[in-house]
Amino acid sequence: KALSPENAECFKYLPDFIRAQLLLDRDPHGNVQVTKIETEKLLAATVSTELEQRRAAGSYKGCFKAQFHAYGYEGRAGM
């Protein structure tokens, strides 16, 4: 089934490794296995991308180094 244009744009925004995780096998009910999606790395990748864009625009001069932690269900629910 094809994605709507809005959903396709959102999917393209995601880093490659997250897109791959979303396409993994589904659970017996047909749902995405969200426990296998590395949300902590998604958050770090999107922050890093945004800061690099700001650096290129000259509005950010800082340093960003992600420190990963598996947030589990509570972290995913908060996103």
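# Exercises on a predicted four-helix model

At 27% relative accessibility, Glu38 falls in the partly exposed class. The model used in these exercises is predicted.

**Exercise 1. Which side chain meets Glu38 in a salt bridge, and over which ring does Lys41 lie?**

Step 1. Look for the partner. The side chain of Glu38 meets that of Lys41 in a salt bridge, at 3.4 Å from N to O.
Step 2. Apply the cut-off. A salt bridge needs the nitrogen within 4 Å of a carboxyl oxygen.
Step 3. Classify Lys41. Its relative accessibility is 30%, so Lys41 is partly exposed.
Step 4. Find the ring. Lys41 lies over the face of Phe68, 5.7 Å from the ring centre.

**Exercise 2. Describe the salt bridges that Arg54 and Arg55 form.**

Step 1. Recall the principle. Side chains of opposite charge can pair when their charged atoms come close.
Step 2. Take Arg54. Its partner is Glu50, with the closest N and O atoms 2.8 Å apart.
Step 3. Place that pair. Both residues lie in helix 3, 4 residues apart, or about one turn of the helix.
Step 4. Take Arg55. Its partner is Glu52, and here the closest N and O atoms are 3.4 Å apart.
Step 5. Place this pair too. Arg55 and Glu52 are 3 residues apart in helix 3, so about one helical turn separates them.
Step 6. Classify the residues. Arg54 has a relative accessible area of 42% and is partly exposed. Glu50, at 35%, is partly exposed. Arg55 is partly exposed at 35%. Glu52 is partly exposed at 42%.
Step 7. Check the total. The whole structure holds 4 salt bridges.

**Exercise 3. Which residues form a nonpolar patch on the surface?**

Step 1. Name the members. They are Leu43, Val47 and Phe64.
Step 2. Give the area. Together they have about 210 Å² of accessible area.
Step 3. Locate Val47. This residue is in helix 3, which spans residues 39–57.
Step 4. Classify Val47. Its relative accessibility is 30%, so Val47 counts as partly exposed.

**Exercise 4. How many aromatic pairs does the structure hold, and which ring does the charged end of Arg19 sit over?**

Step 1. Count the pairs. There are 0 aromatic pairs.
Step 2. Turn to Arg19. Its charged end sits over the ring of Phe11, 6.0 Å from the centre.

**Exercise 5. Summarise the fold and its surface.**

Step 1. Count the elements. The protein has 4 helices and 0 strands.
Step 2. Assess burial. Of its 79 residues, 18% count as buried.
Step 3. Give the surface. The accessible surface is about 6,400 Å², and 55% of it belongs to carbon and sulfur atoms.

Technical notes: Residues numbered from 1 in each chain as written. Predicted model: local features only at pLDDT ≥ 70, side-chain atom pairs only at ≥ 80, totals over all residues. Heavy atoms only, no water. Patch = residues over 30% accessible without salt bridge, like charges linked within 9 Å, V, L, I, M, F, W, Y side chains within 5 Å. Areas by Shrake-Rupley, 256 points an atom, 1.4 Å probe, with all protein chains shown as cover. Helix = DSSP H or I, 4+ residues; strand = E, 2+ residues; numbered from the N terminus. Buried < 20%, exposed > 50% of the residue type's maximum accessible area, 1.4 Å probe, protein only. Phe/Tyr/Trp six-rings, centres within 6.5 Å; stacked < 30°, edge-to-face > 60°. Lys NZ or Arg CZ within 6 Å of the ring centre and 35° of its normal.
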